[in-house]
Amino acid sequence: MRLGVLDVGSNTVHLLVVDAHPGACPLPAHSHKVELRLAQLLDGDGAIGAEGVDRLIAVVREALQAAEDKGVEDLLPFATSAVREASNADEVLARVRAETGVELQVLSGAEEARHTFLAARRWFGWSAGKLLVLDIGGGSLEIAFGMDEEPDAAVSLPLGAGRLTAGWLPGDPPDAEDVRALRRHVRAQIARTVGEFARFGAPDHVVATSKTFKQLARIAGAARSTEGQYVQRELKRESLEAWVPRLAGMTAAQRAELPGVSEGRANQLLAGALVAEGAMDLFGIESVEVCPWALREGVILRKLDHMASA
């Protein structure tokens, strides 16, 4: 059957259409993406303003039309941290439901981490052993660890690249003191969670998902996306540590000229790099392998599992 997953994230609203059935690998058929930047549309009270809600509704309608055009039989719509943490989340969800008919399921941070972990586990298989999975989104950082398809530990921290850029790095290029302050904040937040994972022992394989990690790996020399998803891509901490000060000295326009960096994500790449560097350092990780699958694929896989057991 043809499934669609509608991901209302902190940076983008992304419709992913796949051809799938239980027991088979979901095959991408279509992708429709709009950069909405909900995480940066919050007002001083933490609410998504009227203009932001209007834009969200328009984008959801656009995605619904794309899903219909592509013959989607079942749509799985969900929202993550930007909607989850908005002070007017209930009102936003009600308006989206009333004006589009779409019932957005709001995932908790732990659910995000578990779905992403499932996707990584299915991609790498059982031979990967104990997995540690890192995922940097626009609004949050998810960390999950485990031996099975359900992680033994899963946490979500408010360390998304878009959120941190908006709240901590107003300059272009950013002020050096602002960068240092953000670095301290990121590492203090991550350090609180390290002990929760350390009791499970060292991972056999460390995996990173998300656009942020893909772009960081690319500027550090990993294969470009046109070479296909089955090419192994990794990001070494040594390379990342060398790139962080370089990114800090660049404007967003200069970052956008780097290989694999999109204009829309260039402004938040430094914040994402500080989170990635902090996580790899504090968890003692020398390198991560970039996984092509992440949250959206995890949601699809979970749906297929439920279909198979019904």
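Okay, a quick definition to start: when I say helix or strand, I mean a DSSP run, at least four residues for a helix and at least two for a strand, numbered from the N terminus. One more thing before we go on: this is a predicted model.

Let's go to the pockets. Rolling a probe the size of a water molecule over the atoms shows where empty space is left. Here, the largest pocket comes out at about 1,200 Å³. Its lining is made of 48 residues, and the ones nearest its centre are Ser 210, Lys 211, Lys 214, Pro 292 and Arg 296.

Which elements each supply at least two residues of that lining? There are strands E2 (12-19), E3 (27-35) and E6 (131-136), plus helices H7 (211-219) and H11 (295-309). H7 gives the most, with five residues. If you sort the lining of this pocket by class, you get 16 nonpolar, 19 polar and 13 charged residues.

Let's stay on H7 for a moment. Is it mostly enclosed or out in the open? It's largely enclosed by the rest of the structure, because seven of its nine residues are buried. Those are Thr 212, Phe 213, Gln 215, Leu 216, Ala 217, Arg 218 and Ile 219. Then, just after H7, look for Gly 221, which takes a positive phi of about 115°.

Now the second largest pocket, with about 200 Å³ of space. Its lining includes Leu 75, Leu 76, Pro 77 and Phe 78, and also Val 299, Arg 302, Lys 303 and His 306. Strand E4 (74-79) and H11 are the elements giving two or more residues to this lining. So H11 turns up here, and we already met H11 in the lining of the largest pocket. By class, the second largest pocket is lined by six nonpolar, three polar and two charged residues.

Last topic: cysteines. How many disulfides does a search of the whole structure find? Zero. Why does Cys 25 have no bond to Cys 291? The closest cysteine sulfur to that of Cys 25 is in Cys 291, and at 11 Å it is too far away, because a disulfide needs the two sulfurs within 2.5 Å. Seen from the other end, the closest cysteine sulfur to Cys 291 is the one in Cys 25.

As for their surroundings, Cys 291 is buried, with a relative accessible area of 1%, whereas Cys 25 counts as partly exposed at 38% relative accessibility.

That's it from me, thanks!

Terms used: Residues are numbered from 1 along each chain as its sequence is written. This is a predicted model: local features need pLDDT of at least 70, side-chain atom pairs count only at pLDDT 80 or more; totals for chains, interfaces and linings use all residues. Side-chain values use heavy atoms; hydrogens and water are left out. Buried means under 20% relative accessible area, exposed over 50%, partly exposed in between (1.4 Å probe, protein chains only). On a 1 Å grid over the protein atoms alone, a cavity is a set of points where a 1.4 Å probe fits but cannot get out, and a pocket is an open set with protein on both sides within 12 Å along at least five of seven lines; lining residues have an atom within 4 Å of a point. Grid points are joined across faces, edges and corners, and a volume is the space filled by probe spheres set on the points. Ala, Val, Leu, Ile, Met, Phe, Trp, Tyr, Cys and Pro count as nonpolar, Asp, Glu, Lys and Arg as charged, and the others, Gly among them, as polar.
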